[in-house]
Structures are given as structure tokens and as C-alpha cells.
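Work through the exercises below with the structure open beside the text. Try each task before reading its solution.

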Amino acid sequence: MNHAWPPSTFLGRLRNATREELLEQGTPITYPAHRALLQQGDESRHILLITKGVVKVVASAESGYDMLLAVRIAGDLVGEMAAFEERPRSGTVVACSDVTARIIQMRTLETFLTRHPDAMRAILHMLCARLRWANRRRIDFQAYDSLTRLARVLAELSQAYAQPVPDGDGKRCALGVTLTQKELASLAGLALNTAEKSLAALTAKGLVERSYRNITICDVPKLLEFAKVVADNPY
């Protein structure tokens, strides 16, 4: 498969030979938009290697509140936490668009990781990066106001997923994933009306533009500076 995998993804961190071998593991599968790939509470033990499309990871509380935990793109793994822990799935993974993936059983992945130390390092890097993201959100909740918290989420999403807008100056990028304001509020730990006001304020400052569910970062360096995010990749 000839594909430029984003460097923030699991596949993007692998050596070419390792990546090509991993892409031959498991069974290919396709999902239409809005289909659940994995269900919270399910006890299956496989992981999914996303090869095309975007998915969202959502967790539901007993009260019925749904919270967006993460966005994953082609090149990412999903479902690895429950598979490694041998515990029920902690969230539901839903296709945002048509998605292709490979279903890889846990035993197959373990054998592969034993033969490929670089893949084992990439798994550890990925898990640490996701823990770092979660820790940042906990710190943000106490350390920053709502406007800055939303800006930090958008800034870190842009570092991981944004693509330069054609004919732009390199500073202007499309976020690359479609998110509702409710989902942005979940990621930033904000009430919906607070997230709406904060997004409007960021728009008024000329840092972002909104079009339906699509968000364009008008000036990535300025957004990073406003959000107090250093220019490294959070994933």
C-alpha cells in the first residue's frame, strides 16, 4: 500500500519494512459512515488498524451522558487498551466517514510485536502520548479559562491532524476532522454553551473559521501562541 501515513500515527512511526508487514496481518474490513466499529462493554479481544477514514471514540456514562474521548485517523490503532488489559471495551468507536481497517487478533499482534522491537516501541510511544493528552486535559481544567482550554484542544488537534489549505501561506490549515460543538465541548471539558461562546470568541479573534462542522485554523502559529501550546506534536 503506497500511502504517506501521518507521523503522529502508529503506522507513521514504523520503519517501512515493519509497516508493510503489519499491513498484511489480520483481515481487511470496511465500515460505512456512522457504523460502530467497537462497542463499549464488549469483551472482544481484537484491535483495529485504521487504514482509511476517521473514527471517534465515545464513552457513555451510566447517567446517559456521552463524551467524546478522542479522534483517530488512518494509521492509528483502536481497541488496543481492552485487548491488552483483557477487560471490556471502555468506549465505542464510530466511523465518521467510510472507513477501512484491518482486524488483528491480540495473539497475532503480540507475536508481531515480539518479532519487531520498533513496533513495540511505537506502541509504547502511542500509549504514552495518549496518557500525556489525557493528563494535559486534566491540568487544563484547573489551570486555564474556558477560552484557552478550547484553544488548546484545537491547537493540539491541528498539530496531529490538520492539513494545509491549498494556495494558502502554510499557516492556514483545515482541521481535518469534522466535530460538532458538543464534541468540542467534550474534548475541552466545557459546557456546551460555554464552548459555543468560546468558539465564537476565537472566530472573532481571527484564529479560526467555522463552516458547518468543519473548522479552519486561520494562523496555526498564532493559535499555538494564544493557547500557550509549544510547537511539538502531542501524539
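## Exercise 1: Helix H4

Task. List the buried residues of H4, then check the length of the helix.

Solution. The residues of H4 that are buried are Asp118, Ala119, Ala122, Ile123, Met126, Ala129, Arg130, Trp133, Arg136, Arg137 and Asp140. The model is a predicted one, and buried here means under 20% relative accessible area. For the length, H4 runs over residues 117-143, which is 27 residues. The expected span is 1.5 Å times one less than the number of residues, so H4 should span 39 Å. Its end C-alpha atoms lie 38 Å apart, which agrees.

Two of the buried residues, Trp133 and Arg137, can be looked at together. Arg137 lies over the face of Trp133, at 4.4 Å from the centre of the ring. As for pairs of aromatic rings, the structure holds 0.

## Exercise 2: Helix H7

Task. Compare the expected span of H7 with the distance between its end C-alpha atoms, and find which residues of H7 are buried and which are exposed on the other side.

Solution. Step one is the span. H7 covers residues 192-204, and its 13 residues should span 18 Å at 1.5 Å a residue. The end C-alpha atoms are 18 Å apart, so the two values agree.

Step two is burial. Ala195, Ser198, Leu199 and Leu202 are buried in H7. Seen down the helix axis, the buried residues fall within an arc of 100°, so they line one face of H7. On the other side of H7, Lys197 and Ala204 are exposed.

Step three is the cover. The buried residues of H7 are covered by elements including helix H5 (146-161), helix H6 (181-188), strand S11 (208-211) and helix H8 (220-227). After H7 comes Gly206, with a positive phi near 80°.

## Exercise 3: The nonpolar cores

Task. How many residues does the largest nonpolar core have, and which of them have the most contacts inside it?

Solution. The largest nonpolar core has 36 residues. Leu150, Leu154, Leu157, Leu179, Leu202 and Val208 have the most contacts inside it. At least two residues of this core come from each of strand S5 (66-73), H5, H6, H7, strand S12 (214-217) and H8. H5 gives the largest share, 9 residues.

Now take Leu179. Leaving out residues up to four places away in sequence, Leu179 touches Lys56, Leu68, Val71, Leu157, Leu184, Leu187 and Arg213. There is also a second, separate core of 20 residues, and Ala83, Met106, Leu113 and Ala122 are among them. Background for both cores: in soluble globular proteins, nonpolar side chains tend to be buried together.

## Exercise 4: Three single residues

Task. Where does Glu86 lie, where does Lys228 lie, and are they exposed or buried? Then place Arg115.

Solution. Start with Glu86, in the loop between helix H2 (80-85) and strand S7 (92-95). Glu86 is not a glycine, yet its phi is positive, near 55°. Its relative accessible area is 60%, so Glu86 is exposed.

Lys228 is in the segment after H8. Phi of Lys228 is near 60°, again a positive value in a residue other than glycine. Lys228 has 54% relative accessibility, and therefore counts as exposed.

Arg115 is part of helix H3, which covers residues 106-115. With a relative accessibility of 45%, Arg115 counts as partly exposed. Arg115 and Thr18 are 97 residues apart along the chain, and their C-alpha atoms are separated by 9.7 Å.

How values were computed: Residues are numbered from 1 along each chain as its sequence is written. This is a predicted model: local features need pLDDT of at least 70, side-chain atom pairs count only at pLDDT 80 or more; totals for chains, interfaces and linings use all residues. Side-chain values use heavy atoms; hydrogens and water are left out. Helices (H or I, at least four residues) and strands (E, at least two) are DSSP runs, numbered from the N terminus. Buried means under 20% relative accessible area, exposed over 50%, partly exposed in between (1.4 Å probe, protein chains only). The arc is that of the directions from the helix axis to the C-beta atoms. Contact means heavy atoms within 4.5 Å. A nonpolar core is a set of buried Ala, Val, Leu, Ile, Met, Phe, Trp, Tyr and Cys residues joined through side-chain atoms within 4.5 Å. Rings of Phe, Tyr and Trp (its six-membered ring) pair if their centres lie within 6.5 Å; planes under 30 degrees apart count as stacked, over 60 as edge-to-face and the rest as tilted. A charge sits over a ring if NZ of Lys or CZ of Arg is within 6 Å of the ring centre and within 35 degrees of the ring normal.
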